[in-house]
Amino acid sequence: MKKQFDLLARYKEKTRFHLSKKAKRNIFIAGIILCASVIGLSYLYRKNVELEKVIAENNIYLTDVERLTKISEVVSKDSEIDLLRNLNNELEVFKIMTDRYPNFDKEFLKALEFSDISIVSISYERSILELNLNSKKSNTPSEYVKYLDQSGLFSSTKYNGYSLDKGIYKFTIEAVVASGEDQ
């Protein structure tokens, strides 16, 4: 009797793998890990695409010429406002100073005039007005001091006498100028 050989069946039988339970479990775990990795990579890819869109939108926003021009204008206006604030502060200080210290105008100088007095020089420093004066009469210096005290222009006056030089009485008066608030 002739035996029949099925070569194809024999080949299949010889090349057939028999996997153990442990090997099957490891393959299953590797498949799960592969699926999870594919899902994770897909998620990361989508997030990357979203981030690239956000970055592109931000780059457009950051390089927008109209917006940058407006920002530049705002910065310029802000520096102008700071300058105006500083000028306003300086003006306030100036107002305080002018309110506090007298205005040496014609009226003030006219108030210093007195009969038989000639003003040689006037100096002013730290609210003290120093008057160097000449007169032809000996009683004029003391009368002039009384006149200045009564004028209301000075909070105090200081007079230390006179000297006689060639018939002219020379004297100096130091007067503390009343602040603008006192006048």
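**Helix α5 and the four-stranded sheet**

Right after α5, Gly 152 adopts a positive phi of about 80°. The model is a predicted one, with local features needing pLDDT of at least 70 and side-chain atom pairs counting only at pLDDT 80 or more, while totals for chains, interfaces and linings use all residues. Numbering starts from 1 along each chain as its sequence is written, and side-chain values use heavy atoms, with hydrogens and water left out.

Helices here are DSSP runs of H or I with at least four residues, and strands are runs of E with at least two, numbered from the N terminus. Helix α5 takes in residues 140–151, and at 1.5 Å a residue its twelve residues should span 16 Å, which agrees with end C-alpha atoms 16 Å apart; the expected span is 1.5 Å times one less than the number of residues.

Thr 140, Pro 141, Tyr 144, Val 145 and Leu 148 of α5 are buried (under 20% relative accessible area, against over 50% for exposed, with partly exposed in between; 1.4 Å probe, protein chains only). On the other side of α5 sit Lys 146 and Gln 150, both exposed. As for what the buried residues of α5 meet, they pack against β1 (117–125), β2 (128–135), β3 (154–165) and β4 (168–177), contact being heavy atoms within 4.5 Å.

These four strands form an open sheet in the order β1-β2-β4-β3, with antiparallel pairing (a pair needs at least two DSSP bridges). β1 and β3 stand at the edges with a single partner strand each, so one side of each has no neighbour in the sheet. β3 and β4 run antiparallel and are joined by nine bridges; Thr 157 has Ala 175 in β4 as its bridge partner.
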